[in-house]
Every structure is written in C-alpha cells, then in structure tokens.
Amino acid sequence: MNLSLLTPISEHEWHIPPTGQMRVPGIVFASEALVREMDHKVYEQITNVATLPGIVQASYAMPDAHWGYGFPIGGVAAFDADRGGVVSAGGVGFDISCGVRALYTGLTRKDIEPVKKKLADTLFWNVPAGVGSTGRLHLDTKGMDTMLSGGAQWAIKQGYGRPEDLNRIEEHGCMQGAIADCVSDRAKKRQQDEMGTLGSGNHYLEIQEVVETYHDPLPKQLAIKKGDILISIHCGSRGLGHQIGTEFLKKMVVAAGKYDIWLPDRELACAPINSSLGQEYLGAMRAAINCALANRQIVTHLVRQAFADILPHADLPLMYDVSHNTCKVEEHRIGNQSRRLFVHRKGATRAFGPGHSDIPPDLQTIGQPVLIGGTMGTFSYLLVGTEESMELAYGSACHGAGRSMSRHQATRQWKGGRVIDDLAKEGILIRSPSKRGVAEEAPGAYKDVTAVVDAAEEAQLARKVAKMRPLICIKG
Amino acid sequence: MDAGEPSSRWEHFPHDADMGIRGIGHSKAEAFEQAALALTAVSMDPNLIHPHLKKAFSCEAPDDELLLVDWLNALVCEMDTKKMAFGRFHVNLINHKMEATAWGEMVDQRRHEPTVEVKGATYTELSVHQLLNGSWVAQCVVDV
C-alpha cells in the first residue's frame, strides 16, 4: 500500500481521509512495514466499505489485513440500523463464524513425546479433514433445524461435550435470533453429513506447546505457563455457511437497486438492516454461526475421544472459542452515547476488554481471550482484549498471519512431501489428506505472525499472553 | 497452473488469500466451459477425472457475469453435496440462460488427491468479456 495515501496518527495507526463517496475515514492498525506489504487492493476495499450506508465512525483494517472480496480480510465495520445501516453478506464472507478454540490439556511435552506419532495418527483418524470430508453424524430435517437454533448447546445435549464448555464460548454457545427457516434446503443439504469435520484450506487441528508467556500475571490468570500443551481447533460452518453466503450475495446484489444502494464493488452486496432481506440474512447468518459453534463442539468431542484412548489421565477443558467471520449486534459508546450497532468482523476477532458484560465472569478482570492462528511451522498466539480496543475498533483484533503469497505461487515454490519432512525434522508432525494442500499452506506462504501480533499489541488492540509452537498439525 | 489450447484454455491468476480462475474460449459458452475446468483444477487435476457420470445444469441470471457465478456455484454445490468431481463440460448459452452438462465421477481421495475445497465463486475480479482477437474471457476469484 502506498504510504503517501495515508496519514500517520501514530506508529501503528494510519488514517485515510474521506474522499469521493466515502462517508467515514478508513483506519489501518499496523506497523509501517506491514502497511507497505499490504496490496493496494486492501486500500481500495477499505475505502469501498467506507461508502456503505449507515457506517459508523470508520472502516477499519487490522494488522493482518489482506485482499479479500468486498471487505478486506481483517476488516471491521459497524452499521446503525436506525440511520439506514446495512448488513452485508460480503462483509461476513462465505465461511460464516469460522473461528478458533483452544483447549487445556494439563500435559507437558514430556507426556506427549512418547506417544506423539500414535496421537497424530489417532487424531487424523478421528477427526475428518480435507475436501469432501464427512462426519459420522447424519442430520435429518428436524435434527438440522434444531442444530441451527441451538449451536453448541444442541451439540452438548447430543452428548458432544460438557455443559461447562458453554461458559467459554461466545454467546454461551448459542447465537440468539437464528432462524432455520431462512436457511435454504440446498444449504441444509450441503451440511447434513458435514458436522464434526475440519474442512480444508487453512483449517487445522493442532497440538501446541506454550513456548513463551508475557505480561505476568495474565498467563497465571488464564492458567497458562511455559511448557503447557494446548489444543487448537480452527474450522467453521462448512458447506452450510458457504451456501448461505453464496445465495445471499446474489440476492443482495440483485436487490441493491431496489434499496437504492450504490455498490462500488458487487462483492459489497448488502441490504438495509431494517428490510425483509436484511432480516432474512441475519436469521440465516445466525443459524450458520450456530452451525459453526456446533461443528467445533463436535470436533472437540472427537479430540477428547482420541486423547482418552492414548492419554486417559488428560483432562481437556475448554479455554475459549472465538469466531472471526461474523456480524453481531453490540452496544458501543460513540461520543457520549451508547449505540446499538451491527458490527461486521471479516477475518477479525472480537477482543472485548476487561469488564465487558459479554465476557465470562471468571475472565472479567483480564479481558476476552483472543486466539490467533499462525502456520503449521511457526507460532500461534493467545492474547486478551483491552479497554483501549473498545474505543479503537469496537473491541476487535487481528485473526491470523495472512498470506504473503498466493496458493499458486506456493505450489511452485514448495512440494508437500518436502514440507512434511522438513517440519518432522523440527519435531512437528503433519497429517493431511493432500500433499499439494500442505504445499499451498507451507509456513513460508504466510506473513510473519509475530509481526502481526506485535503490531496488534503496539496498537493496543490486544495484549499478548502466550506464544505457542505446533507439535502436531492435522491439516484439512 | 494453466492448460488447454492457446485460444481455448483455462488458467489461474493470483489472489492474496484465495484463487482467481479464468476460462478463455472461442465463444462465451466455451469460456464458461473452460472456467469450469479452472474451477475443478483449484482442487485437482481435471485430466484425472473419468467422465463416468453425467449431470445436467440450468441457470438463469440478469447478466452474463451473474450467470457465470451461478454456473460455478451450481457446480460447487453439486461437488460438495454429491462428493463429485467434474472434468468435462458442455455449455449452451441463450441470452442470460444456460443449459449445461458436466461429466465426472465420485471423488477418489487416493487418485484425485483433492487439495482444497472451493467455498464459493465470488464477484471479485468478476468479468465476462470479449478480447480484441474475438476470444471470450470468463473469470472471477473463488473463495477457498
């Protein structure tokens, strides 16, 4: 991105003054180096989002922002329904409520090493991954509708997990306002055999070791210490979310004229929140959030089963579950007013600061855990939301490293088998149904996640708690 | 990755997080066929797919570009729900209506070794246009 187009406010905050059709400024949170690395398309997408009706304060980009479709990945924008605000299917994306959850294990590396290979094989066997993967659960029409209304709460009632898991899931595991009837039969059909599956692409299941901790006493408050083994699960709403995104994008593009909405990019497809189409999308999108929460809950259960076979003394309580492709209704202070806003986070993590009422009571003093996925060869991070972030970007932070090169370039540069061998030499076991998929996801194809996380911290969007390195990665 | 005859071919073009697919053909219909091959090639080599099964598709949209996205998304949905892979296509276009046939088979994990599933075709870099040499181009970014 051309720095001359931005006004530096601080070392980690850059403003794009409103011009042309922009209703609000653009704000980028990143270091100068990260901003320079961003494609000019990110600039275009930030400024395009700023043109949408009812947008409040600014169109934001997180430190991992990269060229998405419509909104940038790493984009955050809030809309006020009472001021003509819109909800955008493109602003949520196809993988609705894709997210990350982390589990404690109570184990250390010396517990894992003797059984590492067996554990990797058992997890790979237990948790379906890859293109077209299906789960052992088949949902009929009634079961599907109940799942779409109940989310992780439904999954736990079906025996997939423990009631206490719900305390550590956003929305207590069940997104209110989901309307199964707003989800098409085709979307439901795509999902009927896909519950409890990882999917493909950048989705993963990792066994990680905490290699560094920061900002005492935050790690202790989150029951983390160096040497601990954690489990990280990254997946979303699978075929159902993809189909909902597809269908509503088209509906919103076609209806834009009717609602008198000018779209600088068709991918910004949106509808007024207070319209029948806007409400229909919100009902379907919330159902997809429940689908993703239920999916991660079932995968959690499958992981616990695998551990019970190999390391039966291990207990795997849920640390936290975050979603990073959503639109949620939240109260935020704008000036002296508290306003009810529809906050879109596309490839951005909710990062509420200490004291927020939506954070579980036992985490109230430290803020919401923010789980940042890295690559299969580098690091992931655990952070917590800050009070400052609530003022800066509606309590939001980055979600991952972001790609530095396309999948096409990656397959030219690396061979999957070689990547797997090289990582094995570093003590990281990879299991994947596709070697080309591994090449596309090679660690070198991603930006430096540490630079992204450091920028998020410097910008005061979130505070670092722990750095984790993978020991086993089941790659979708 | 790219393939086909110089005047009738498909190719992928870079996108930060996802993948661009482009079909080029003598006619608009052929460009749609080639775009479908490019879609398959995101996940696997189309040459490895045996044309054992046949599936008919019908799509209609307000314009050519929306029609392309509809066509690709119809294929994505069929591949996902039926676990199918398609390697051969025939498209008939009349105005903004399309009748198409796709040939393929059930995905064989071992033989096809699929890499990544396409979540959906997007409107990013979406274009259906004719080049000065008369060839047609049909392209967009797909989310993976």
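Let's start in a small corner: Pro8(A) stands opposite Trp14(A) in S2(A). Before going on, note that this is a predicted model, in which local features need pLDDT of at least 70 and side-chain atom pairs count only at pLDDT 80 or more, while totals for chains, interfaces and linings use all residues. Residues are numbered from 1 along each chain as its sequence is written, and chains are lettered from A and ligands numbered from 1 in the order in which they are written.

Back to that corner. Strand S1 (residues 7-10) of chain A runs antiparallel to S2(A), and three bridges join the two. Strands here are DSSP runs of E with at least two residues, helices are runs of H or I with at least four, and both are numbered from the N terminus; two strands pair if DSSP finds at least two bridges between them. S1(A) and S2(A) make a hairpin with two residues between them. S2(A) is also joined by three bridges to strand S3 (residues 26-28) of chain A, again antiparallel, and there Trp14(A) stands opposite Val28(A). Which way do the side chains of S2(A) point? They alternate along residues 13-16: Trp14(A) and Ile16(A) point to one face and are buried, whereas Glu13(A) and His15(A) point to the other and are not. Buried means that 20 or more other C-beta atoms, placed from the backbone, lie within 10 Å of the residue's own (12 or fewer is exposed, and in between is partly exposed).

Now zoom out to the whole of chain A, with its 15 helices and 19 strands. Its radius of gyration, taken over C-alpha atoms, is 21 Å, close to the 23 Å that the globule rule (2.2 Å times the number of residues to the power 0.38) gives for 476 residues, so the chain is as compact as a globular protein of that length. The C-alpha trace spans about 60 × 50 × 50 Å along its principal axes, and 63% of the residues in chain A are buried.

Over in chain B, three strands form an open antiparallel sheet in the order S4-S6-S5. Strand S4 (53-60) and strand S5 (84-94) of chain B each have a single partner strand, so one side of each is left without a neighbour in the sheet. The twist averages 20° from one strand to the next; angles run from 0 to 180 degrees between N-to-C directions, with axes as lines fitted to C-alpha atoms, for helices over the stretch in contact. Helix H1 (residues 28-43) of chain B packs on the sheet by touching S5 and S6 of chain B, at about 165° to S5(B). Eight bridges join S4(B) to strand S6 (residues 97-106) of chain B, with Phe57(B) standing opposite Ala100(B). H2(B) lies across S4, S5 and S6 of chain B, at about 145° to S4(B).

How do the chains meet? The contact takes 38 residues from chain A and 31 residues from chain B, where a contact means C-beta atoms, placed from the backbone, within 7 Å. On the side of chain B that touches chain A, H2(B) supplies the largest share, five residues.

Finally, the largest nonpolar core has 217 residues, and Leu383(A) and Ala35(B) touch the most other members. Such a core is a set of buried Ala, Val, Leu, Ile, Met, Phe, Trp, Tyr and Cys residues joined through C-beta atoms within 7 Å. Helix H10 (residues 276-310) of chain A gives the most to this core, with 17 residues.

How values were computed. Two residues are in contact if their C-beta atoms, placed from the backbone, lie within 7 Å.
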